[in-house]
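Hi everyone, thanks for having me. Could you pull up the structure on your screens so we can walk through it together?

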Amino acid sequence: MGVKGFVEGGIASIVAGCSTHPLDLIKVRMQLQGENLPNPHHQIHNLRPAFAFNSSASAAVIPPNSIHVPSPAPPPRVGPVSVGVRIVQAEGVAALFSGVSATVLRQTLYSTTRMGLYDVLKQKWTNPDTGSMPLVSKITAGLIAGGIGAAVGNPADVAMVRMQADGRLPLAQRRNYNGVIDAITRMSRQEGIASLWRGSSLTVNRAMIVTASQLASYDQIKEAILGKGVMKDGLGTHVTASFAAGFVAAVASNPVDVIKTRVMNMKVEAGKAAPYNGAIDCAMKTVKAEGVMALYKGFIPTISRQGPFTVVLFVTLEQVRKLLKDF
């Protein structure tokens, strides 16, 4: 396949990414629910519940006869439909496509690389006699392709998360990026080049999980359907196999995706400690403050997005392959 595999994968990924972008934005907003927002009037709200009060410090600051006023309860968590409606009401319909320029760049860098590399490895590792490839080899190819693709596309991924999450911040604290190039340029200038690879270990891990589960399961399920004669090689087979692959990918990747979103979105200010010291610290604070199931926060929009994304991705890929068959 060579370059052709990269072109086919890139076209299919951009189409799928743009068409499901609103669902991805809702997923990001839901994953950030429960995370404390900076409050310029009450500094104590910047701290997580577990670290909000220190016994010695509070004894020195709070008079013995003072009345303790409990912190306000966090706002109730809402579902994807409610989140989408609130975004439209507060920010307008166009807000559902916030960060779409970053999505295009991300798909161009990340997905083109992973789809192309997977195709190259698949061609090399397929048994020429049987025309098949063992599941273990498919998973290995997915892990390698996903990891390399994520490392290449991480700057666009960080920019996309920040642009999608910007609308939930108070007006005075929004970054207001004018596009993906502006986001990457300002991040490099204000926070250093290294900020473009913030959360890269998480991105790589997630991409390896997603690519291995998504591409390997699609190929495996498609082969099983065709091999058992359940359906012929057509749209029905492609949709069935791709939706199943999307579900597998969503279940496997959601915990890493939640942590990745929070690490990438955190605001680091000069002279102040970062909210998280890395992926493990973020995971521990998230679980301690919100419970284990917080790692599956946003799962409904994740599967709602991952399912259609994977269907559009593979259906488009199959059609592009037919169009470019003679090239």
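I'll talk about how some helices pack, and then about some aromatic rings.

Before we start, keep in mind that this is a predicted model.

Okay, helix packing. Two packed helices are described by the angle between their axes and the distance between those axes. So let's do that for helix α2, which covers residues 21-31.

Its first partner in this talk is helix α11, residues 299-323. The two axes come within 8 Å and cross at roughly 155 degrees. Anything over 145 counts as roughly antiparallel, so α2 is roughly antiparallel to α11. If you care about handedness, this crossing is left-handed.

Who is actually touching whom? On the α2 side, you've got Leu-23, Asp-24, Ile-26, Lys-27, Met-30 and Gln-31. On the α11 side, look for Pro-301, Thr-302, Ser-304, Arg-305 and Pro-308. Sorted by class, the α2 and α11 contact has 5 nonpolar, 3 polar and 3 charged residues.

Now stay on α2 and find helix α4, residues 80-91. Here the axes are 10 Å apart, and the angle is about 100 degrees. Roughly perpendicular means 65 to 115 degrees, so that's what we call α2 relative to α4. In this contact, Leu-25, Ile-26, Arg-29 and Met-30 of α2 meet Pro-80, Val-83, Gly-84, Ile-87 and Glu-91 of α4. The class split for α2 with α4 is 6 nonpolar, 1 polar and 2 charged.

Right, on to the rings. How many aromatic pairs do we get? The count is 2.

Take Tyr-218 and Phe-314. Their ring centres sit 3.8 Å apart with the planes at 5 degrees, so this pair is stacked. Tyr-218 is in helix α8, residues 200-227, and Phe-314 is in α11, so the pair ties together parts that are 96 residues apart in sequence. Are these two rings' residues buried or exposed? Tyr-218 has 2% relative accessibility, so it counts as buried. Phe-314 is buried as well, at 3%.

Then there's Tyr-296 with Phe-299. This pair is edge-to-face, with 5.9 Å from centre to centre and 65 degrees between the planes. Tyr-296 is partly exposed, with a relative accessible area of 32%.

To recap: α2 is roughly antiparallel to α11 and roughly perpendicular to α4. For the rings, Tyr-218 and Phe-314 are stacked, while Tyr-296 and Phe-299 are edge-to-face. That's it from me, thanks!

Definitions and conventions
Residues numbered from 1 in each chain as written. Predicted model: local features only at pLDDT ≥ 70, side-chain atom pairs only at ≥ 80, totals over all residues. Heavy atoms only, no water. Axes fitted to C-alpha atoms, helices over the stretch in contact; angles between N-to-C directions. Helix = DSSP H or I, 4+ residues; strand = E, 2+ residues; numbered from the N terminus. Parallel < 35°, antiparallel > 145°, perpendicular 65-115°, else oblique. Left-handed = near helix turned anticlockwise from the far one by under 90°. Contact = heavy atoms within 4.5 Å. Nonpolar A, V, L, I, M, F, W, Y, C, P; charged D, E, K, R; others polar. Phe/Tyr/Trp six-rings, centres within 6.5 Å; stacked < 30°, edge-to-face > 60°. Buried < 20%, exposed > 50% of the residue type's maximum accessible area, 1.4 Å probe, protein only.
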